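Grab a pencil and have the structure open. Here are three short exercises, each with a worked solution.

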Amino acid sequence: MVMTQRLLTDQPAIVYTLKQVREFAGSRQVRKLASRLYLRCRVPFPVYEGEAFLQAFERSRQELQEKDARILQEKLAKRAARALRREKAAGDQVVPGERLSPARKPAEQEMEAVVP
């Protein structure tokens with residue numbers, strides 16, 4: 001399984017669980033495997049000098065979430081603009097088979113007389 005930045009950002013429990021399992025007292029094999037996996041988690045995230053991995057992970061996670069929010073907002077704005085353009089264009093068109101009849105004024109409409 002490839003641990004990508006997207007996977008780890010969407011499922012941060014993987015990183016935190018591996019960090020805890022590295023200190024598991026029950027089995028040396030489990031600790032060793034968890035340490036290897038934890039080191040593989042560190043690869044996609046840039047860690048600056050003097051910064052702990054978990055700080056870098058949270059920073060990258062926050063940046064990716066903000067980027068996703070901006071992309072979603074842009075997509076929604078484009079869809080709304082497209083819908084408004086379609087609505088405006090549809091308002092100017094006549095549906096096939098439909099006749100445009102001039103609207104009658106209330107005085108011109110036929111009235112029925114009620115006989116008591």
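**Exercise 1.** Find the side chain that makes a polar contact with the side chain of Glu51.

*Solution.* The side chain of Glu51 makes a polar contact with that of Arg59, at 3.1 Å. A polar contact is a pair of N or O atoms within 3.5 Å; within protein, one must be able to donate a hydrogen and the other to accept it, and residues adjacent in sequence count only if both atoms are side-chain atoms. Next, place Glu51: it sits in the loop between H3 and H4. Leaving aside neighbours within four places in sequence, Glu51 is in contact (heavy atoms within 4.5 Å) with Pro46, Ala56 and Arg59.

A word on the model: it is predicted, so local features need pLDDT of at least 70 and side-chain atom pairs pLDDT 80 or more, while totals for chains, interfaces and linings use all residues. Residues are numbered from 1 along each chain as its sequence is written, and side-chain values use heavy atoms, with hydrogens and water left out.

**Exercise 2.** Work out which residues of H3 are buried and which are exposed.

*Solution.* Buried means under 20% relative accessible area, exposed over 50%, partly exposed in between (1.4 Å probe, protein chains only). Ala34, Tyr38 and Cys41 are the buried ones. They cover an arc of only 50 degrees around the axis (using directions from the helix axis to the C-beta atoms), so they lie on the same side of H3. On the other side, Arg28, Gln29, Lys32, Arg36 and Leu39 are exposed.

**Exercise 3.** Name what helps cover those buried residues.

*Solution.* The cover includes helices H1 (5-10), H2 (13-21) and H4 (53-91). Helices here are DSSP runs (H or I, at least four residues), numbered from the N terminus.

Note on methods: Helix = DSSP H or I, 4+ residues; strand = E, 2+ residues; numbered from the N terminus.
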